[in-house]
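This report is intended for a reader who meets the structure for the first time. Please keep the sequence and the three-dimensional view at hand while reading.

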Amino acid sequence: MNVAAILLAAGKSQRMGLCKQLLQLADRPAVAHCLDTLTAVGLQEIIVVVSPGGDEVAAAVSRYPVVVAVNESDSCDMADSARTGLARLTSGPTGVLVALADHPLVRPDTVRALVNRHGEEPDAILIPLHDGAKGHPTLFPAAILQEIGQVATLRDVIGRHRDKVRLVPVTDEGVVMDMDVWEDYLAVAERLNPPG
C-alpha cells in the first residue's frame, strides 16, 4: 500500500492571532514536530500546504523531503488546503493521510497503526480514537478523498461514506491535543519543552 500525507499548515490562527505552525516547542517549531513524525514512518510523499505569504513556514520545513504547496484561496480553510495538496500528489497513493500542523504531539506509532490498518482495509476511512474522542490525522482512501472537489468540507466527504468509517483506538493523547488557543499551546508545550 502506498500512503502519502498532506500536512495542512496554512493560515494564521484567528483565535491566537499568529502562525501556530511556527510556535516553538522544545527546540523547534510545531510544524517540524509534525514532519518528524511523518518522515519517521517513511511515507512515500508528503505535501505541506501553506498559505500565501507562508515563506516562514516553507523555510521551517526546507530541510525535510517534502513538497511545499501554496493554498491560494482567500479562506485557506482545511478543505481548500486538502484540494491544494491533492493536486500536487504524484505518487498515485492508495491512501492519503490528512494531518494538521496544530497537532504536534502525534506519535509515529499512531501513524504506523493507521497505515497498517489501511493495508488491511484499503477502502476504509480511518480516524484515530483516544479515550472515546475522535482525533487527527485521518487516513482516507485516495479515491474517496478526491470527492473534496465536489463538497464543501472534509466532514462532508466523511459524511458521504459513514459506512466506511473505522475508528482506530490509540493510546496516543496527541491525536486530540491541538493548539487552538493559548491554553492549548501551553498544555502541548508543557509536554515537550524542558523545564526552565
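The text below treats the nonpolar cores, a buried threonine, the cysteines, the cavity and the backbone in turn. The model is a predicted one.

**Nonpolar cores**

The largest nonpolar core comprises 32 residues. Within this core, the residues with the most contacts are Leu-7, Leu-35, Leu-38, Leu-43, Ile-46, Val-48 and Leu-97. At least two core residues come from each of strand 1 (3–8), helix 1 (30–41), strand 4 (45–50), strand 6 (95–100) and helix 4 (108–120). Helix 1 makes the greatest contribution to this core, namely six residues. A second core, separate from the largest one, holds 24 residues, including Ala-4, Leu-89, Val-96 and Ile-144.

Which residues does Leu-97 contact, leaving aside its neighbours within four places in sequence? They are Val-3, Ala-4, Ala-5, Ile-6, Leu-38, Leu-43, Val-111, Leu-114, Pro-137, Thr-138 and Leu-139.

**Thr-138**

Thr-138, one of the contacts of Leu-97, belongs to strand 9 (residues 138–141). Is Thr-138 buried or exposed? Its relative accessibility is 6%, and Thr-138 therefore counts as buried, the cut-off for this class being under 20%. With neighbours within four places in sequence again left aside, Thr-138 is in contact with Val-96, Leu-97, Val-98, Ile-125, Leu-126 and Ile-127. Of these contacts, Val-96 has already appeared as a member of the second core.

**Cysteines and disulfides**

A disulfide is a covalent bond that joins the sulfur atoms of two cysteines. How many disulfides does a search of the whole structure find? The search finds zero. Why does Cys-34 have no such bond? The closest cysteine sulfur, in Cys-19, is 12 Å from the sulfur of Cys-34, which is too far for a bond. Cys-34 is also buried, its relative accessible area being 6%.

**The cavity**

One cavity of 30 Å³ or more is counted in the model. The volume of the largest cavity is about 90 Å³. Its lining consists of 13 residues, and those nearest the centre are Cys-34, Ala-99, Leu-100, His-103 and Val-106. Helix 1 and strand 6 are the elements that give two or more residues to this lining. Helix 1 supplies the largest share of the lining, four residues; helix 1 also gives the most to the largest core. By type, the lining residues of the largest cavity comprise nine nonpolar, four polar and no charged.

**Backbone features**

Most peptide bonds are trans, and most residues other than glycine have a negative phi. The peptide bond from His-136 to Pro-137, however, is cis, with omega near 5°. Pro-137 is placed in the loop between strand 8 (133–134) and strand 9, and Pro-137 is also among the contacts of Leu-97.

Two residues that are not glycine and have a positive phi, Ala-26 and Asp-131, are set out below.

| Residue | Phi | Loop between | Relative accessibility |
|---|---|---|---|
| Ala-26 | about 55° | strand 2 (24–25) and strand 3 (28–29) | 32%, partly exposed |
| Asp-131 | about 50° | strand 7 (125–130) and strand 8 | 74%, exposed |

The accessibility classes in the table follow from the cut-offs, because exposed means over 50% and partly exposed lies between 20% and that value. Ala-26, at 32%, thus counts as partly exposed, whereas Asp-131, at 74%, counts as exposed.

Terms used
Residues numbered from 1 in each chain as written. Predicted model: local features only at pLDDT ≥ 70, side-chain atom pairs only at ≥ 80, totals over all residues. Heavy atoms only, no water. Core = buried A, V, L, I, M, F, W, Y, C linked by side-chain atoms within 4.5 Å. Buried < 20%, exposed > 50% of the residue type's maximum accessible area, 1.4 Å probe, protein only. Contact = heavy atoms within 4.5 Å. Disulfide = S-S within 2.5 Å. 1 Å grid on protein atoms, 1.4 Å probe; cavity = no way out; pocket = protein on both sides within 12 Å on 5 of 7 lines; lining within 4 Å. Points joined across faces, edges and corners; volume = space filled by probe spheres on them. Nonpolar A, V, L, I, M, F, W, Y, C, P; charged D, E, K, R; others polar.
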